[in-house]
Amino acid sequence: MHNYYIENEGITLGFSLRNMYAFHAFFSLQLCIIFTLLSNNEKIGPQLGFIYLASFVVKIVAFCAIFYNPVITAKNLSNIQVISLLIPMVTFLILEVYFIIKILNKTHSPK
């Protein structure tokens, strides 16, 4: 829907919106898979919350490294460009946190 709106309005972003969504989807999916696997480990299980915080920093660094030229070096981003950067990030952050909370609650629930 987001890309459809941008294309219909004839807005030029200067970066690929599909690549933004692909990056966030891939990273979030990988994170959920890794957390599902790590949640079964008794030694690492209690530390998953802290590991998630560190992974969020890694995600930001990876995003900056991958999208450095089209986003970070841009002089003046318009409001629509900034919003278009934030929508995929917030969307996948909400989904990611939801699934990580589910995994953490499952890990810490009495057996």
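Which helices each supply at least two residues of the lining of the second largest pocket? In this predicted model, the helices that do so are α3 and α5. The briefing below treats that pocket, then helix α2, and then two individual residues, glutamate 96 and isoleucine 44.

**The second largest pocket**

- The second largest pocket holds about 170 Å³ of space.
- Its lining is made up of His24, Phe56, Lys59, Ile60, Phe63, Cys64, Leu77, Val82, Leu85, Leu86 and Met89.
- Helix α3 gives the most to this lining, contributing five residues.
- His24, one of the lining residues, is also among the buried residues of α2.

**Helix α2**

- Helix α2 covers residues 17-38, and its 22 residues should span 32 Å at 1.5 Å a residue. The C-alpha atoms at its two ends lie 32 Å apart, in agreement with that expectation.
- The buried residues of α2 are Leu17, Met20, Phe23, His24, Phe27, Ser28, Leu31, Cys32 and Phe35. Viewed down the helix axis, the buried residues fall within an arc of 150°, and therefore line one face of α2.
- Arg18, Phe26 and Leu37 are exposed on the other side of α2.

**Glutamate 96**

- Glutamate 96 belongs to helix α5, which comprises residues 79-108.
- With a relative accessible area of 1%, glutamate 96 falls under the 20% limit and is therefore classed as buried.
- A polar contact joins the side chain of glutamate 96 to the side chain of lysine 59, at 3.1 Å. Lysine 59 also appears in the lining of the second largest pocket.
- When neighbours within four places in sequence are left aside, glutamate 96 is in contact with Ser28, Leu31, Tyr52 and Lys59. Of these partners, Ser28 and Leu31 are buried residues of α2.

**Isoleucine 44**

- Isoleucine 44 is located in the loop between α2 and α3, the latter being residues 48-66.
- The relative accessibility of isoleucine 44 is 29%, so this residue counts as partly exposed.
- Isoleucine 44 touches Leu38 and Ile51, when residues up to four places away in sequence are not counted.
- From isoleucine 44 to isoleucine 100 the separation is 56 residues in sequence, and 14 Å in space from C-alpha to C-alpha.

Definitions and conventions. Residues are numbered from 1 along each chain as its sequence is written. This is a predicted model: local features need pLDDT of at least 70, side-chain atom pairs count only at pLDDT 80 or more; totals for chains, interfaces and linings use all residues. Side-chain values use heavy atoms; hydrogens and water are left out. Helices (H or I, at least four residues) and strands (E, at least two) are DSSP runs, numbered from the N terminus. Buried means under 20% relative accessible area, exposed over 50%, partly exposed in between (1.4 Å probe, protein chains only). A polar contact is a pair of N or O atoms within 3.5 Å; within protein, one must be able to donate a hydrogen and the other to accept it, and residues adjacent in sequence count only if both atoms are side-chain atoms. Contact means heavy atoms within 4.5 Å. The expected span of a helix is 1.5 Å times one less than its number of residues. The arc is that of the directions from the helix axis to the C-beta atoms. On a 1 Å grid over the protein atoms alone, a cavity is a set of points where a 1.4 Å probe fits but cannot get out, and a pocket is an open set with protein on both sides within 12 Å along at least five of seven lines; lining residues have an atom within 4 Å of a point. Grid points are joined across faces, edges and corners, and a volume is the space filled by probe spheres set on the points.
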